[in-house]
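Okay, everyone, thanks for coming. Let me put the structure up on the screen, and then I'll walk you through the parts I looked at.

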Amino acid sequence: MGNAPSEANMGTQLRCQTCYRVLPPCTFFSNYKKETYYNMEVYVFNGGEFYRPVGYDNAYQCRDCFFKPMRDEEQRRREEERKREEERRRQEERRREEERRRQEEERREEERRREEERRREEERRQEERKREERKQEKLNQRLQQSCQDTQEQHEKQLSSSIVEESKTKQHVLTSILDEFQPHYGSGNDRDELLEILSSKCGIPPLNLSLSQLSGDQLGSILSALDKLLFDEWISVPPSPSTLQHTQVFITELCALSLELSDGLSLQNISSHVQSLVESISQSACNVSESFLLTQALYLTLVYFFSEHGSTETDAVLIAKQWAEDDLSTEDVFLIEFLGTLITSLQKTIGRASVFILKMEILSLKLLLFTLTHLNGENSHSESTEMVLQLVQMKQWSPAEAVTLLKALSEKYAEDGPVTAVLTLVQVYDLSPHWTDDSGLSLPQAIDRVGPEEFQLHFQKTLRGQDECNLNSALAELTKCRHLDDPVVDMIRNITTTVMRYSENVPKDEPFVKDSIKCVGQNAEDIGQALCQLCKAVFDTKGWWPTVKHMMRWCALVLSEKGGAPELVGLQEDPCVTAMFAAAQVCMGHKVDIVLRPGIHSQEQIREWSDFYGHLGISVRTNWNTASESQYQYPETDIVYGTLDDFVSDYFQNGLETMKTETPPITRGFIIEERSLSASHHVEITRIKEDDFVAFAAEILQKLMGSFHSEEMNQRHRFLKALFKVLHTDLNKNKYTHNNILTVLKKTYRKRTAS
């Protein structure tokens, strides 16, 4: 090999065996070394200019040819990796798409299911509401008659000085409880109850009369009733009639706790209490609820025989505050009985149901009726009505509502401050578990702060807590309405601006109606309009709209793209609806608001009439059953009414515009979701009374009935199309009947296209 490598003098013979390119000579041993590539040892020449595997003479390769297999392999590997990545990405996209479709289908199915449940629940509630109203009317008549009979009997007994008033309670009640005397051989449920008690207590059936019971026998009967109601009858319930007789029997035992005094008629008191219990029992929906009522009556009986006299119930404390301790013994007993029964019902029903049952609400109604008619006077009706609404609409239990009313009645003698506090409870949707910043419940906070400072303290606390809930309320709204990020940020900024404005509102700042005319998609304009509307609410109601009110109003405004509103299925608080309608009027649009029939809708209109008046907005209703057209209010800003009335009005207005050849009235419309529950029962009375277009009313009524069974979105689209068609200019057709047919054909095409 000499003093130089053999590759130093090979000349043109030193070539790459792959590409045959002549390689540069390697003149020094220091210019080549041994390294490992591809799991084999190779000589590296001139710092990598060419290579040769060890043991393979003349197998020289230039740098490019030597590393080409490695580059090719790396390229193949990368290509395969890219393909695998693309395939994985495609599979992931397919999976996400399938997941999205599945979730969308589940969402649609859930919406359909919820809508169907809501529709059935609404129908059930409507039927229950009607039955409840009829039952309440009969109950009021019965209560008034009972009070009148009691007063007449009381006067009669005072004038005649009947000796029977001095007899023992047991003898007075004998004539009332003839139905509990044993009737052997009759086989009825009265005998069944007596036989059960006889076998449990070891008392002959003939001696089971309240006029003959000793103290020990009464104790045995109480133990037997306890065993039956909380043990044996739970697994093997008795017949409904046996339960009813048990209720009567227990109610009469409650009357035994009443101390006799001159001029007191136990017979009248017993009859009155039995009438109340009968009404409550009739409101029970099934045997299970009747059994819960019987258990509650027993707990009430235990109270009267063990705790009566040691403490006063919340209801009695309210009565003493309102009547200034001028209460008759009968009033005290009735109020204490109903108050204790309400507490007992909460104990028994709380273990069986999370909902407030009708018999609980009726018990509260009877108690409130008694409280508001003390000493023949009708007072505190507004506050008691608001307390009842807390139970009916906010899921407060009757016992919790009575406790709150007791705390307020002890704090304030007048009804005004009480209703002001209850209004804040409703506006901020407070639950019975609400606490202030110090951890005090609402009754505790009322008791802790003085009457003059409490309202201001309470309102300040609620405002502070409401502002802290901004992010959570906005997240809930975003999820509900599927808002995108820019809209969410805009709503947050607008709401924050209005809250800062509310901290230092100019007292004498006048309302500027023109400031609302430019409401569009500009955050500054929307914020200025919202400030004006919220201040109008504060000026008329005494409270500032909540964060939820303001954000939901913003979402409504931002969802409108200009022109008169055309909203179907609106589910908003009356405050939001009123502010939105007012904003539309200020922007030059007349608005019709469709509500469901009923007392709550009438109360909503009365409640917000002062707000509209403060803004200089005219408002009225179109509720009228007269045959003549009621659509004579083209200049009225806002009109409230029912679906039946508006459809009839639109038809009649169309006919009148054809006769007079005047342009049709153009108004926006807001149809609340609750009004749609009765859409299949629309009678369109005023159209049916017109023989000329009665056929059109029948066809339209059938269409609306058929669409009631459709899913929510389809029903909303149909009603929106119907209202738009009924606003169409019908003068384009020559004959009236052709115009009506055109309306129906357009409506039907809207339906089939949906």
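So, strand β2 pairs with strand β3, residues 50-53, through four bridges, and the two run antiparallel. If you want a couple of positions to look at, Val44 stands opposite Tyr51 in β3, and Val42 stands opposite Pro53. Keep in mind that this is a predicted model.

Now the other partner of β2. Strand β1, residues 32-37, is joined to β2, residues 40-45, by six bridges, again antiparallel. Here Lys33 stands opposite Val44. We met Val44 a moment ago, facing Tyr51 in β3.

What does the whole sheet look like, and in which order do the strands come? It's an open sheet of four strands, ordered β1-β2-β3-β4, with antiparallel pairing. β1 and β4, residues 61-62, stand at the edges with a single partner strand each, so one side of each has no neighbour in the sheet.

Let's look at the turns. The hairpin of β1 and β2 has two residues between the strands, and Tyr38 there takes a positive phi near 55 degrees. In the hairpin of β2 and β3, with four residues between the strands, Asn46 takes a positive phi near 55 degrees. If you're wondering why I point that out: most residues other than glycine have a negative phi.

Two loops elsewhere in the chain have something like this too. Asp429 isn't a glycine, yet it has a positive phi of about 55 degrees. You'll find Asp429 in the loop between α13 (415-427) and α14 (442-448). Then there's His482, with a positive phi near 55 degrees, in the loop between α16 (470-481) and α17 (485-502). Are these two buried or exposed? Asp429 has a relative accessible area of 48%, so it counts as partly exposed. His482 comes out at 61%, and the cut-off for exposed is over 50%, so His482 is exposed.

Back to the start of the chain for some rings. Phe29, Tyr32, Tyr43, Phe45, Phe50 and Tyr60 form one aromatic cluster. Across the structure there are 26 aromatic pairs. And here's a ring with a charge on top: the charged end of Lys541 sits over the ring of Trp608, 4.8 Å from its centre.

Next, a set of parallel strands. Strand β6, residues 591-594, is joined to β8, residues 638-641, by four bridges, and these two run parallel. Ile593 has Tyr640 as its bridge partner in β8. β6 also pairs with β9, residues 668-672, in the parallel sense and over four bridges. There, the bridge partner of Val591 is Gly668. Which way do the residues of β6 point? Val591 and Ile593 point one way, Asp592 and Val594 point the other way, and all of them are buried.

On to a helix. α10 covers residues 358-372, which is 15 residues, and at 1.5 Å a residue it should span 21 Å. Its end C-alpha atoms are 21 Å apart, so the model agrees with that. The sum takes one less than the number of residues, if you want to try it yourself. How many residues of α10 are buried? 15 of the 15, so the helix is largely enclosed by the rest of the structure.

Just ahead of that helix is Leu357, in the loop between α9 (329-350) and α10. Leu357 has a relative accessible area of 12%, under the 20% cut-off, so Leu357 is buried. What is Leu357 in contact with, leaving aside neighbours within four places in sequence? The answer is Glu289 and Ile349. Also, Leu357 and Ala284 are 73 residues apart in sequence but 8.2 Å apart in space, C-alpha to C-alpha.

That leads to the whole chain. Take the contacts between residues at least 6 apart in sequence: 68% of them join residues at least 24 apart. The chain has 26 helices and nine strands. Out of its 754 residues, 46% are buried. Finally, the accessible surface comes to about 38300 Å², and 48% of that belongs to carbon and sulfur atoms.

Okay, that's my tour. Who wants to go next?

Technical notes
Residues numbered from 1 in each chain as written. Predicted model: local features only at pLDDT ≥ 70, side-chain atom pairs only at ≥ 80, totals over all residues. Heavy atoms only, no water. Buried < 20%, exposed > 50% of the residue type's maximum accessible area, 1.4 Å probe, protein only. Phe/Tyr/Trp six-rings, centres within 6.5 Å; stacked < 30°, edge-to-face > 60°. Lys NZ or Arg CZ within 6 Å of the ring centre and 35° of its normal. Contact = heavy atoms within 4.5 Å. Pairing = 2+ DSSP bridges. Areas by Shrake-Rupley, 256 points an atom, 1.4 Å probe, with all protein chains shown as cover.
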